[in-house]
Amino acid sequence: MSKQNSSNKISRRSFLKGMGSGILSTATLTTGGLLSKEAAARILGPEGEAIRGRTTITLTVNGRAHRLAVEPRTTLLSALRDRLNLTGPKEGCDRGHCGACTVLMDGKAVLACMTLAVDARGKTITTVEGLAKGDELSPVQKAFVEKDGLMCGFCTPGLVVAATALLQENPNPTLDDIKEGLAGNLCRCGTYPKVFEAVQTAAKSMRKGG
Amino acid sequence: MAGWKSLKDMTVLSKPLPRLDGPDKVAGQAKYTHDMHPKGLLYAGLLVSPHPAARVVKIDASKVRRLPGVKAVLTDVHPTGTVRYAGEEIAAVAATSPEVLEDALELFEVEYETLPFVADIDSAMQENAPRVFANRPNIRDPRVRGEGDVDAGFARADAVVEGEYRTQVQTHSTLETHGSMVYWEGDELVIYDSTQAVHGVREGVAKFLDMPVNKVRVVCKHMGAGFGSKLQPGRYTAIAARLAKETGAPVKLMLTRKQDFLGGGNRPNSISHVKLAATKDGKLTAFYAKTYGTAGIGTNAGIRLPFIYTIPNWKHEHYDVFTNAGPARAFRAPGCPQASFVMEQLMDELAEKLNMDPLEFRLKNDSNATRQKEWRLGAKKFGWQRRHKKPGADTGRYKRGMGLAASIWWPGGRGTKATMTIYPDGTLDVKCGTQDIGTGTRTYMAMVAAEELDIPMKRIRPMLGDSNFPKSGASGGSTTTPSVGPAIKNTSERAKTKLMDLAAQFLGVPATDLAWDSGTVYMKTNPVKKLTWDELCQLLGTETLEVHGQWVEGLSSRGVAGCQFAEVTVDTWTGQIQVNKIVAVADCGLILNRLTTESQVNGAILQGISYALLEERHMDPETGTMVNANYGDYKILGAKETPAIEVIFYDEPERGVIGIGEPPTIPTNAAIANAVYNATGVRMYELPMTPDRVLTALEAHQFAGKED
Amino acid sequence: MIPNNFEYIRANSVQEALQLLSQKGDGARLLAGGHSLIPAMKLRLNAPETVIDISGIQDLASIHRDGGRLHIGALVTHRTVETSDEVKSSCPVLSEAAALIGDPLVRNRGTIGGSLAHCDPAADYPALTLCLDAEIEATGPSGSRTIAADDFFVGMFETALQPGEMITRVTFPVLTRGTGAAYEKFSHPASRFAVVGVAAMVTLDGSGNCSSVRVAITGAGPSVFRATKVEQALTGKAPDEQAISDATQDVADPADLMSDISASAEYRAHLCSVLSRRALQRAVQAARG
């Protein structure tokens with residue numbers, strides 16, 4: 001992430017300058033360092049101050065800033081599903097065992113059910129809904145469809161997000177790398193063989209596409 | 001009615017096509033019951049009994065009712081007030097947020113009078129064990145089946161093997177738990193349910209609530225899998241409906257993961273005392289089995305012995321045993337994986353005694369003509385001849401072995417209705433009150449219509465998962481495809497006939513003079529006179545054409561065979577079994593979609609491996625509750641445990657459509673167990689074959705060896 | 001599963017976190033990666049009144065080498081330890097072991113400090129920390145102190161940390177030629193916690209004999225422990241196959257080990273032997289370079 005941030009610094013700064021309040025881009029909240037303390041406080045809520053009970057926070061999800069009311073104990077998963085109606089991330093176990101709730105937080109695949117919503121303030125969240133560009137599915141999504149890397153589809157959003165993160169870190173994974181990379185995502189229908197094919201196919205098409 | 005086209009003439013059917021709902025599912029846009037979030041939604045939850053056996057003396061919900069955000073409370077949800085397993089519903093709440101719901105559930109004060117219980121089958125079978133049902137013994141009267149003269153059969157045998165085999169309780173563990181989202185529109189109830197049977201749930205809930213069936217609508221567009229656990233209406237649905245009625249708001253009630261483990265269904269265990277005999281030329285003569293199984297507080301814990309083999313004399317006595325545990329439900333090929341574990345290992349033992357190759361021995365005793373071919377085909381592809389002749393032949397820490405086992409399945413197609421609506425612009429809807437439980441039903445509905453009408457798939461909108469659509473059965477028993485496939489074909493044919501009539505009228509010729517090809521109607525004697533699909537549909541003017549069809553005989557078959565081969569490596573230091581490869585031969589009749597069919601076979605095999613090596617419900621004898629009711633303690637197979645799988649389809653298109661979801665999960669565990677024996681010379685009599693069980697068996701074997 | 005209500009505060013520095021800890025007293029818990037604390041809170045086994053989120057304290061998220069010592073900040077994630085070039089070259093066994101923790105989703109969030117402070121009897125880091133003779137830096141209101149790994153692990157979920165203290169960093173030795181270490185783990189199939197995990201470190205003298213041996217075992221007992229019998233049996237000896245095999249026959253007594261649904265005490269004892277043997281063999285190999 002740090003690499004990405006530093007290379008994007010200038011464009012983000014200039015973007016920030018020209019921006020009115022209201023809609024915030026994905027870029028604005030990725031690093032606290034880019035924002036003045038006051039700006040950060042305005043967007044994130046005061047740092048170091050206690051949050052008790054119901055509080056309105058801002059989360060940056062799929063490139064948009066959302067204001068929503070949560071409690072400190074509200075998980076990121078519940079915030080996404082129950083408040084923002086982003087139901088792509090699924091609740092399979094609610095205990096960090098199944099990976100159905102996997103989302104990207106600052107580019108890393110994490111369990112949304114094990115993350116507090118208040119802890120996700122100031123971070124960039126991408127859910128499975130944010131991977132496609134409009135109607136154009138991402139290479140990973142396309143490959144899952146083409147290779148039939150899904151059956152009932154309930155675990156699929158988690159697997160797609162985990163596979164996306166895996167390929168970002170390792171564009172040319174071996175079969176063992178793929179198995180390890182997806183080890184946190186359970187699929188009861190048993191789609192794994194086709195998922196492995198899909199990830200390999202996506203890797204190939206992403207390498208071709210640069 | 002015509003039969004299916006020949007394979008070579010098909011342009012859509014039997015091809016490997018990606019599923020139509022794939023894009024929605026990979027983009028997170030497919031809405032499951034759990035995702036339903038209408039305005040004003042209330043979150044409902046169940047308070048369940050922590051005790052395996054108790055009388056509910058008093059439920060004090062006054063604190064619950066006082067909690068801000070609580071909108072409705074029910075304390076009369078249990079039908080009798082006597083609970084018989086930990087996890088039974090005691091009370092329910094609807095609240096404005098998940099947080100309030102959770103707090104509310106903590107505020108119930110329930111007084112229980114606890115009762116003695118039996119947590120597992122062994123304690124339930126002891127003399128003077130506490131009874132699960134006061135007026136009935138725990139061990140039910142046996143079901144006895146058989147034929148021939150068993151004593152005579154054993155008397156004329158040259159070799160006999162016998163033993164005790166045990167299999168575990170396995171839970172369905174679907175990723176989406178059971179649950180419903182419901183709301184009322186006046187006196188009509190709308191239910192979104194994670195179900196395998198929209199019509200069945202409609203009828204069941206109507207009965208629960210004493211309502212007319214036509215005032216209940218059940219919808220299930222996408223569901224997070226069932227495997228048999230979601231064939232029946234749930235009490236939670238009726239509870240949600242009552243809460244919705246009381247509050248006038250939509251209510252969602254999903255079981256928690258733990259509640260799903262406790263009460264969402266399971267595959268019964270089995271204890272089998274068995275004996276099998278053959279003559280020295282390898283013909284089976286007799287089989288005897290006395291078996292026990294627990295379906296918790298439910299029944300039907302049977303095991304389908306003597307499995308696939310032809311035995312002239314056999315007898316099987318089965319006893320269901322009640323325990324204070326959640327009731328079993330149908331689970332992918334009920335009674336069959338248990339049977340393959342027992343019978344296929346007995347067959348191997350007997351083959352060894354007769355000094356015969358296990359494959360050769362099976363060929364002598366398997367009367368199924370399809371499977372005779374499949375055994376040979378699979379053996380060749382797998383490389384069966386590479387198998388160690390002597391078990392445990394590898395030296396060193398890691399030992400490799402090979403095994404095989406058979407599968408079987410019975411049901412075929414049955415009554416299903418469908419409707420097709422054709423629009424003047426050439427598009428059409430195909431509606432059927434079936435459901436797509438992840439098997440690709442929606443996709444092949446469109447494929448069948450596209451094939452029959454010779455029109456592009458994208459013109460067709462397949463619609464299912466709604467009890468307002470024509471009736472179809474539950475998605476269970478591998479009956480869906482052989483039921484729905486023919487029904488859609490029949491409906492398409494009728495649509496074709498109606499369109500031909502329209503064309504005949506328009507062209508002023510008898511319909512018998514017309515033919516249909518590539519979506520075009522033309523005159524046989526003068527093919528230049530024709531109407532394309534679009535022109536045909538335009539004849540409808542401003543009307544739509546509504547056509548009804550149904551399942552008919554002759555397009556599907558009953559009966560499935562199949563076999564599997566497994567190669568494993570056993571780590572003799574730790575007892576860990578690694579499955580290296582599974583080769584599966586699956587007979588599929590006419591395959592409608594090769595891609596999704598292959599996925600189903602893969603999935604069945606992986607569930608079979610999971611059953612063989614990993615899964616087991618553990619009941620705590622002290623508390624009578626399940627101790628591993630979460631995915632962190634109850635392991636279901638993951639990416640790392642997935643071996644190489646080769647699926648070989650044995651096409652028999654002349655048989656029409658047959659089901660495939662269940663049979664391939666049957667043989668996997670037994671093929672692995674036989675491979676473990678071949679690797680180590682040690683037989684595993686109990687599932688799952690966990691590392692410590694394997695190691696214990698290896699050590700016992702080694703010790704026995706030293707004494708020799 | 002939702003925790004009891006609590007008050008949430010983000011701390012931006014160690015100083016701030018310590019102040020909050022002392023202000024809030026017993027009812028406060030530190031939140032790092034959250035993968036131990038949040039599940040416990042969801043099950044309402046742990047119901048803190050205040051959660052102090054320290055995950056944003058950048059000072060605690062770095063790795064650096066200082067001569068023969070490798071300092072890992074308390075908030076360094078498992079994933080970072082797994083992939084860090086500095087760790088891979090200075091103390092490769094740590095990267096190896098980190099790669100075996102949970103799954104990638106867990107490793108992306110879980111931290112070394114969180115794991116050690118939680119002190120789960122089946123966690124991996126305690127074995128590594130104890131085996132490698134690491135030092136844990138605990139910082140409290142009156143400053144920092146260093147706790148030797150041998151003194152840190154007190155019991156099940158119990159450490160030598162005092163109320164008001166937090167782990168700020170962990171210091172490992174840089175493994176140089178002549179010293180090798182290895183970690184062998186038998187994972188629980190579902191949780192990926194260690195059913196048994198054995199870490200071994202061997203230092204060879206000029207003549208190829210063991211001048212020092214440390215073996216630490218996690219998962220098997222109520223808390224991580226050193227296999228002192230094995231260490232003694234090999235110290236001063238040439239670590240050939242036979243010697244290692246002899247020394248690892250009876251590593252642990254089943255009577256001292258845990259028995260649960262995933263493994264009996266007897267099976268755990270067996271794994272202690274098997275894994276110790278493998279770990280020592282590989283540690284010796286690494287020491288020989």
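Here are some numbered notes on this model, which is predicted.

1. **Chain B as a whole.** Let's start with chain B, which has 17 helices and 28 strands. Its radius of gyration is 28 Å, close to the 27 Å that the globule rule gives for 708 residues, so chain B is as compact as a globular protein of that length. Measuring tape in hand, so to speak, you'd find that its C-alpha trace spans about 95 × 75 × 45 Å along the principal axes.

2. **How chain B is packed.** Of the 708 residues in chain B, 59% are buried. Now look at its contacts with a separation of 6 or more: 80% of them join residues that sit 24 or more positions apart.

3. **The domains of chain B.** The domain assignment splits chain B into three pieces: domain 1 (7–29 + 413–550), domain 2 (33–116 + 178–254) and domain 3 (327–410 + 557–707). Notice that each one is written as two stretches of the chain. The C-alpha centres of domain 1 and domain 2 of chain B lie 39 Å apart. Even so, 13 residues of domain 1 of chain B are in contact with 17 residues of domain 2 of chain B. On the domain 1 side of that contact you'll find two nonpolar, nine polar and two charged residues.

4. **A helix with a buried face.** Which residues of helix H10 (residues 358–365) of chain B are buried? They are Pro358(B), Phe361(B) and Arg362(B). Look down the axis of H10(B) and these buried residues fall within an arc of 100°, so they line one face of the helix. There's a handy rule behind this kind of pattern: an α-helix has 3.6 residues a turn, so residues three or four places apart point the same way. As for what covers the buried residues of H10(B), the list includes helix H9 (336–353), helix H11 (369–382), strand E18 (398–406) and helix H16 (668–680) of chain B.

5. **Chain A on its own.** Chain A has seven helices and five strands. Starting at the N terminus, its elements run α-α-β-β-α-β-β-β-α-α-α-α. Among its 210 residues, 55% count as buried. For contacts in chain A with a separation of 6 or more, 59% are between residues 24 or more positions apart.

6. **Where B meets A.** Here, 43 residues of chain B are in contact with 48 residues of chain A. On the chain B side, helix H1 (22–26), helix H3 (98–106) and helix H15 (594–613) each supply at least two residues. Which of the elements gives the most to this side of chain B? That's H15(B), with seven residues. Sorted by class, the chain B side has 17 nonpolar, 18 polar and eight charged residues.

7. **Where A meets C.** Chain A also touches chain C, and this contact takes 25 residues from chain A and 26 residues from chain C. On the chain A side, strand E4 (residues 108–111) gives the most, with four residues. The class split on that side is 10 nonpolar, seven polar and eight charged.

8. **The domains of chain C.** For chain C, the domain assignment gives domain 1 (7–53), domain 2 (64–173) and domain 3 (179–288). The C-alpha centres of domain 1 and domain 2 of chain C are separated by 19 Å. Between them, 12 residues of domain 1 of chain C are in contact with 17 residues of domain 2 of chain C. Helix H1 (residues 14–24) of chain C gives the most to the domain 1 side, with five residues. By class, that side has six nonpolar, five polar and one charged residues.

9. **A proline worth finding.** Try picking out Pro126(C), which is found in helix H8 (residues 125–131) of chain C. Why does Pro126(C) count as buried? It has 29 C-beta neighbours inside 10 Å, and the cut-off is 20 or more. Leaving aside neighbours within four places in sequence, Pro126(C) is in contact with Leu116(C), Cys119(C), Phe153(C), Thr218(C) and Val224(C).

10. **The nonpolar core.** The largest nonpolar core has 375 residues, and those with the most contacts inside it are Val676(B), Cys131(C), Ala200(C) and Ile217(C). Helix H12 (residues 265–288) of chain C makes up the largest share of this core, with 11 residues. Not counting residues up to four places away in sequence, Ile217(C) touches several residues, including Ala127(C), Val224(C), Phe225(C) and Cys272(C).

Technical notes:
Residues numbered from 1 in each chain as written. Chains lettered and ligands numbered in written order. Predicted model: local features only at pLDDT ≥ 70, side-chain atom pairs only at ≥ 80, totals over all residues. Contact = placed C-beta atoms within 7 Å. Nonpolar A, V, L, I, M, F, W, Y, C, P; charged D, E, K, R; others polar. Buried ≥ 20, exposed ≤ 12 C-beta atoms within 10 Å, placed from the backbone. Arc of directions from axis to C-beta. Domains from an automatic or database assignment. Rg over C-alpha atoms; globule rule 2.2 N^0.38 Å. Core = buried A, V, L, I, M, F, W, Y, C linked by C-beta atoms within 7 Å.
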